[in-house]
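This briefing goes through one protein chain by topic, beginning with its strands and ending with its charged and aromatic side chains. Please keep the structure open while reading.

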Amino acid sequence: MKLSLSRFSILTLVWMSGSLIAQELSPTVAPPAAPATPAAAPALPAIERIADEAQRKLFEAADRAAGPSDATTNKPLSFPGAPQVNATGKKTTFSGPKLDDPAAWAKDSTHKLAVMEIKFGGTRETVMFELYPQDAPMTVSNFLDNVETDAYKGLAFHRAVEGFIVQTGDPLTSDEGARERWGTGGEGKTVPAEIKRPHRKGAVAMGRKSDKVNPSKLSNGYQFYFALGHYASLDGKYTVFGQVVSGLEVLERISNMPVDSNDCPIARIEIASIKITDHSGPLFVSESSGSNDDQPRYTKPSSAQGPVGRLLRRVW
């Protein structure tokens with residue numbers, strides 16, 4: 001795709017010059033052939049945000065047209081529910097990937113689930129995502145170690161970009177006084193790249209430093225993010241190790257929260273807990289989800305519920 005030197009190009013150059021330390025470990029979509037510029041010239045936050053939004057929408061439109069691509073061959077990926085492009089004469093339509101329905105999982109299937117409780121707006125919300133140890137064994141093993149040692153408990157979401165990603169897991173976010181450095185923590189531990197799966201909507205992936213200082217694409221040992229759209233432009237760059245199966249609307253609400261110039265939510269949104277469970281068979285839609293959108297919420301597996309929740313489930 002060729003871009004003329006337009007208002008978007010100028011804004012993109014401004015955006016590139018405003019590289020913020022707090023976003024080093026976050027996924028970004030770099031413009032084609034953009035010249036490297038020194039990070040010492042910060043851009044105005046308002047201009048930076050306009051450019052970032054314009055750039056994100058441009059690449060999102062391109063991704064919808066091209067579909068996910070293989071990191072090695074750069075050809076479109078083929079997987080169940082992949083986006084379809086239908087052209088009839090001068091009219092072209094797109095159909096997005098159909099996400100897996102946990103209620104349709106086979107009875108004899110087993111799924112490793114992470115059940116994350118988030119303190120959000122004075123309440124607790126649940127997000128569940130499936131882990132993929134078969135595709136990213138070292139990454140999943142590292143994530144399980146972090147969960148087992150309560151490394152994520154009490155950490156905040158330190159980046160939220162509407163319709164793009166939300167990110168958490170930085171150990172520095174346990175300290176409100178370290179806000180200026182949020183997004184740079186966890187560098188003491190890395191995980192080898194295991195880049196296989198595409199960035200479908202709801203993909204869970206590890207953050208990392210840029211290729212310039214990290215050509216091997218090593219993942220940060222702690223930080224992870226949730227993709228809020230189908231972003232083939234991120235494929236081949238970050239290790240995807242999971243997929244959201246319930247609670248995507250919670251993450252989308254977080255992405256809409258007011259943020260500062262570093263895309264960090266102004267109000268504290270933190271992880272209350274993460275539990276891992278091996279779930280067999282399908283998940284069932286919760287009758288008391290209270291969800292007002294088209295995204296169903298699923299009942300937490302018994303092994304991921306507290307004693308009170310398990311008791312109520314037996315009684316009712």
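**Strand β9 and its partners**

V204 has F226 in β9 as its bridge partner. The model is predicted, and the points below describe what was computed from it.

- Strand β8 covers residues 203–208 and strand β9 residues 219–227; the two run antiparallel and are joined by four bridges.
- Another residue that faces β9 is M206, which stands opposite F224.
- β9 is also joined by four bridges to strand β6 (residues 165–168), again in the antiparallel sense.
- In that direction, I165 has A227 of β9 as its bridge partner.
- Strand β7, residues 190–191, pairs with β9 over two bridges, and this pairing is antiparallel.
- T190 stands opposite N220 in β9.
- β9 is largely enclosed by the rest of the structure, because eight of its nine residues are buried.

**Strand β8 and its link to β10**

- β8 is mostly covered, with six of its six residues buried.
- Besides its pairing with β9, β8 pairs with strand β10 (residues 240–246) through three antiparallel bridges.
- A205 has V240 in β10 as its bridge partner.
- In a regular strand, side chains alternate between the two faces of the sheet.

**The chain as a whole**

- The chain has five helices and eleven strands.
- Of its 316 residues, 45% are buried.
- Taking contacts between residues at least 6 apart in sequence, 71% join residues at least 24 apart.
- The exposed area of the chain is about 16000 Å², and carbon and sulfur atoms supply 55% of it.

**A buried histidine**

- H199 is located in the loop between β7 and β8.
- Is H199 buried or exposed? With a relative accessible area of 2%, H199 is buried.
- Leaving aside neighbours within four places in sequence, the residues in contact with H199 include A205 and V240, which are bridge partners of each other.
- A227 is also in contact with H199, and A227 is the bridge partner of I165.
- Other contacts of H199 include Y225, G229, H230, Y231, L234, D235 and Y238.

**Salt bridges**

- The salt bridges in the chain come to eleven.
- One of them joins R268 to E176, with the closest N and O atoms 2.7 Å apart.
- This pair links distant parts of the chain: R268 is in the loop between α4 (248–255) and β11 (270–280), E176 is in the loop between β6 and β7, and they are 92 residues apart.
- R268 counts as partly exposed at 28% relative accessibility, and E176 is partly exposed with a relative accessible area of 38%.
- R268 also forms a salt bridge with E270, where the closest N and O atoms are 2.6 Å apart.
- E270 counts as buried at 15% relative accessibility.
- Which residues are joined into one network by salt bridges that share partners? They are K119, E176, R179, R268 and E270.
- A further salt bridge is formed by D211 and R208, and their closest N and O atoms are 2.7 Å apart.
- D211 is partly exposed at 39% relative accessibility, whereas R208 is buried at 4%.

**Aromatic rings**

- The aromatic pairs in the chain come to ten.
- One pair is F143 with Y152, which is tilted because the ring planes stand at 35°, with the centres 5.4 Å apart.
- F143 is buried, with a relative accessible area of 0%, and Y152 is buried as well, at 2%.
- F143 also pairs with F241; their ring centres are 5.3 Å apart and the planes are at 50°, so this pair is tilted.
- F143 is in helix α3 (residues 137–148) and F241 is in strand β10, so the pair links distant parts of the chain, 98 residues apart.
- Both F143 and F241 are buried.
- One aromatic cluster is formed by F129, F143, Y152, F224, F226 and F241.
- Two members of this cluster also appear in the strand pairings: F224 stands opposite M206, and F226 is the bridge partner of V204.

**Charges over rings**

- The charged end of R197 sits over the ring of Y132, at 3.7 Å from its centre.
- K189 lies over the face of Y222, 4.5 Å from the ring centre.

Notes. Residues numbered from 1 in each chain as written. Predicted model: local features only at pLDDT ≥ 70, side-chain atom pairs only at ≥ 80, totals over all residues. Heavy atoms only, no water. Buried < 20%, exposed > 50% of the residue type's maximum accessible area, 1.4 Å probe, protein only. Pairing = 2+ DSSP bridges. Contact = heavy atoms within 4.5 Å. Areas by Shrake-Rupley, 256 points an atom, 1.4 Å probe, with all protein chains shown as cover. Salt bridge = Lys/Arg side-chain N within 4 Å of Asp/Glu carboxyl O. Phe/Tyr/Trp six-rings, centres within 6.5 Å; stacked < 30°, edge-to-face > 60°. Lys NZ or Arg CZ within 6 Å of the ring centre and 35° of its normal.
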